[in-house]
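This note sets out some points on the structure shown below. They are given in numbered order for the reader at the bench.

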Amino acid sequence: MSNIGFASAFCRWSLGLFVGMIGVEKVFYIGAGAHAQKFFIDGFKENWIPDWILWPLGYAIPFVELVIGLLLFVGFWVRYSSIAIGFLLVVVAYGHLLQSAFYDPTSHWLPRFALLMGVLVLYSEEDKWSLENFLGRR
């Protein structure tokens with residue numbers, strides 16, 4: 001496998017782990033309902049976003065993170081999963097910036113964004129350790 005293939009695999013695995021494990025934490029330990037209440041309803045009660053938008057977002061995001069993280073880690077539907085993470089990162093950035101215009105993205109947003117760019121730019125048939133590549137060989 002080429003260096004591009006290794007770089008692609010490492011970016012994909014890392015992003016899959018970052019996103020998937022946060023999904024595991026939110027789904028199985030915090031709970032999707034508690035996540036929605038604490039981080040969306042309580043977190044945005046002073047902002048313009050109505051509860052009927054916040055509840056579905058807050059409840060769905062943990063499951064989306066869990067599924068997308070797994071898909072990325074195994075290398076299946078990588079392009080679609082990456083695009084979904086891109087939209088998710090935009091939602092996260094907007095939410096944090098709505099709460100504070102001086103939000104520091106370096107703690108968790110920027111590393112995920114950088115890995116996402118790596119996956120989007122590098123992912124190809126060079127990544128021999130993806131499920132898509134394995135299924136393509138059959």
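1. Is Phe-73 buried, partly exposed or exposed? The model is a predicted one, and in it Phe-73 has a relative accessibility of 35%, so Phe-73 counts as partly exposed. Trp-13 falls in the same class, as partly exposed, because its relative accessibility is 22% and the buried class requires a value under 20%.

2. On the overall fold, the protein chain contains six helices and zero strands, and its order along the sequence reads α-α-α-α-α-α. Taken along the principal axes, the C-alpha atoms fill a box of roughly 50 × 30 × 20 Å. The chain has 138 residues, of which 36% count as buried. Of the contacts between residues at least 6 apart in sequence, 72% join residues at least 24 apart.

3. On the aromatic residues, the count comes to nine aromatic pairs. One of them joins Trp-13 and Phe-73, whose ring centres are 6.4 Å apart; their planes stand at 45°, so the pair is tilted. This angle lies between the limits, since planes under 30 degrees apart would count as stacked and those over 60 as edge-to-face. The pair links distant parts of the chain, with Trp-13 in helix α1 (residues 3-30) and Phe-73 in helix α3 (residues 51-74), 60 residues apart. Trp-13 and Phe-73 also belong to one aromatic cluster, together with Phe-6, Phe-10 and Trp-129.

4. Helix α3 deserves a separate comment. Its 24 residues reach 35 Å from the first C-alpha to the last, close to the 34 Å expected at 1.5 Å a residue. A kink of about 30° is nevertheless found at Ala-60, shortly before the proline Pro-62. The buried residues of α3 include Pro-62 itself, as well as Gly-58, Ile-61, Glu-65 and Leu-72. Among the elements that cover the buried residues of α3 are α1, α2 (32-41), α4 and α5 (109-122). Just after the helix, Gly-75 takes a positive phi of about 85°.

5. Ser-82 is a polar residue to examine in helix α4 (residues 78-99). With a relative accessibility of 1%, Ser-82 counts as buried. Its side chain reaches the backbone oxygen of Val-78 at 2.8 Å. Leaving aside neighbours within four places in sequence, Ser-82 is in contact with Leu-72, Leu-116, Val-119 and Leu-120.

6. Helix α5 has 14 residues, which should span 20 Å at 1.5 Å a residue; the end C-alpha atoms are 20 Å apart, which agrees. Its buried residues are Trp-109, Arg-112, Leu-115, Leu-116, Gly-118 and Val-119, and they pack against α1, α3 and α4.

7. The largest nonpolar core has 14 residues, and those touching the most other members are Leu-15, Leu-72, Ile-85, Leu-89, Trp-109, Leu-116 and Val-119. Helices α1, α3, α4 and α5 are the elements that give two or more residues to this core. Another core, of seven residues, lies apart from it and includes Phe-44, Ile-49, Leu-54 and Leu-88.

8. Which residues does Trp-109 touch, not counting those up to four places away in sequence? They are Leu-89, Val-92, Ala-93 and Tyr-103. Leu-89 and Trp-109 are both among the residues of the largest core that touch the most other members.

How values were computed
Residues numbered from 1 in each chain as written. Predicted model: local features only at pLDDT ≥ 70, side-chain atom pairs only at ≥ 80, totals over all residues. Heavy atoms only, no water. Phe/Tyr/Trp six-rings, centres within 6.5 Å; stacked < 30°, edge-to-face > 60°. Helix = DSSP H or I, 4+ residues; strand = E, 2+ residues; numbered from the N terminus. Buried < 20%, exposed > 50% of the residue type's maximum accessible area, 1.4 Å probe, protein only. Polar contact = N/O pair within 3.5 Å; in protein donor to acceptor, adjacent residues only side chain to side chain. Contact = heavy atoms within 4.5 Å. Expected span 1.5 Å × (residues − 1). Bend = angle between axes of the 7 residues up to and from the residue. Core = buried A, V, L, I, M, F, W, Y, C linked by side-chain atoms within 4.5 Å.
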